[in-house]
Amino acid sequence: MAREGTIRAPSSTRRNQLLAKGEAMPASVIVGLQWGDEGKGKTTDFLAEQVAAVVRYQGGDNAGHTIVIGEDTFKLHLVPSGVLYGHITPIIGPGVVVNPETLLREFDGLVARGIDISRVRVSHAASLILPYHIALDKARETALGGAKVGTTGRGIGPAYEDRAARTGLRVEDLLDAASAASRLSRALPEKRALLHALGVDDPAATDERAILAQIAAWGERLRPHIADTNELVQRALGAGEHLLFEGAQGTLLDLSHGSYPYVTSSHPIAGGATTGGGIAPLQIDEVMGVMKAYATRVGSGPFVTELTDAIGERIATTGHEVGTTTGRRRRVGWNDALPLRYAVQLNGVSSIMLNKLDVLSGIPEILLCVAYEIDGKRVERWPSSTAELSRATPIYERFPGWSEPIHNVRALADLPENARRYVTALEELAGAPIVLLSVGPERTQTIERAWRPMRRSVNRP
Ligand code: IMP
């Protein structure tokens, strides 16, 4: 494998070919290639200038996006990061689970800082997170004891359970008191029994009258934002707009494809944009995978390259690796080519944004996992099975580090030679071109390669 300190030019993508023929269907998906917290907020924000709408397609307020613009830091959980641009329609799609309380608090916070939230649209078909979902999430985790998933405690799993069981309430029920009342009265006896069985005494979580009053109040405030977002998405695509679908969490937390049961209850992979965002597979022509220069994980579950030494501590401190949603210190490790390649394939990644390269500056030697040893055998494909992963030990390739700070570098050629070598190795092992490189939290602290055609047309309102 070549290890020159130069980066291969990205090959012509299907998108470029379509654009050349004037046939582009400009829809991009942004997806996390690790365990979430890859910096997707910055990626979305960076690309947002070019798009008409940003659509969240799964997850809920378990997500946390931090965006830094000049002196201002914005922490968002539910509202798509495109809200910071006046020309973008931020859309919360049908695949999302919405806690209206969090959403309205986020609206208030944005309004207080002068951000216009009137354009935000929430799908009528998104599911609601209600107080009993949060109580159940916490009660289940307590009952699991040492085997807990380490959830964010936001009620995500129980809300998705209700959706699958067809017993949940949806955003449209906020506008229909009769439907909300009948659905709630059918759901509550089971929830009370469940909480009782789990040893929880929390009458407020299942207080029918209080929840119905909340629903009415939420409905009143959210009414102007509730819409058939599938219709909005398809209309915008039909008009030649460029849309961005924003995944939360990451591929390795996917309910089907991650290290089950240490996963979230939705589908962060690019395919989730179709089930949760209202777009068809063939309408997507670009999938940008986002990763960090190292790995982090929050909550329980196997983490083969985890660092529990001073280097891990240093990366966590320099990289501010503290959860936006929970305030928990993230677990930190070296980058791992096995889940990376798995994620690139599973998502059909056409390009990569590599974030937080600057955090590794000053570390004398950087390790990159290229294979595992499991039961005495060398393994080069990521086994998503938790049992196998817990028996894996990493086989590393070692790279000399660089001492220079790189925050002010804006061209690949100006990166230290050793940084370029490391990036080249990551790119080769991933099997997809790294087209954007972040060297600091600000929008401007980004190295951009000449790679991406501008969108075909924009019909801004
Ligand atoms: P839940 O999504 O709250 O049910 O948590 C399930 C797992 O996903 C836990 O390990 C969480 O720490 C993890 N998780 C959920 N959301 C995020 C996120 O936005 N970033 C990183 N990890 C997350």
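**Exercise 1. In which order do the ten strands of the open sheet stand, and what is their pairing?**

Solution. In this predicted model, start at one end of the open sheet and read across: the order is β9-β7-β5-β2-β10-β1-β11-β15-β19-β20, and the pairing is mixed. Next, look at the ends of that order, where β9 (226-227) and β20 (446-448) stand at the edges; each has a single partner strand, so one side of each is left without a neighbour in the sheet.

**Exercise 2. Find how strand β15 is joined to strand β19, and name the bridge partner of M353.**

Solution. First locate residues 351-355, which make up β15, and residues 434-438, which make up β19; these two strands run parallel and are joined by three bridges. Then take M353 and look across to β19, where its bridge partner is L436.

**Exercise 3. Describe the surroundings of the ligand, beginning with the residues that come nearest.**

Solution. Begin with the 15 residues around the ligand, of which D37, N62, T152, T264 and V298 come nearest. By type, the shell divides into six nonpolar, seven polar and two charged residues, and by origin it draws at least three residues from each of domain 1 (25-124 + 228-448) and domain 2 (127-225).

Now turn to single contacts: an N or O atom in the side chain of T152 is 2.6 Å from an oxygen atom of the ligand, and for the side chain of T264 the corresponding distance to a ligand oxygen is 2.6 Å. With V298 it is a backbone N or O atom that lies 3.1 Å from an oxygen atom of the ligand. Finally, consider the ligand's surface, which amounts to 470 Å² exposed when the ligand is taken alone, and of which the protein buries 96%.

Terms used
Residues numbered from 1 in each chain as written. Predicted model: local features only at pLDDT ≥ 70, side-chain atom pairs only at ≥ 80, totals over all residues. Heavy atoms only, no water. Near = heavy atom within 4 Å. Polar contact = N/O pair within 3.5 Å; in protein donor to acceptor, adjacent residues only side chain to side chain. Areas by Shrake-Rupley, 256 points an atom, 1.4 Å probe, with all protein chains shown as cover. Nonpolar A, V, L, I, M, F, W, Y, C, P; charged D, E, K, R; others polar. Domains from an automatic or database assignment. Pairing = 2+ DSSP bridges. Helix = DSSP H or I, 4+ residues; strand = E, 2+ residues; numbered from the N terminus.
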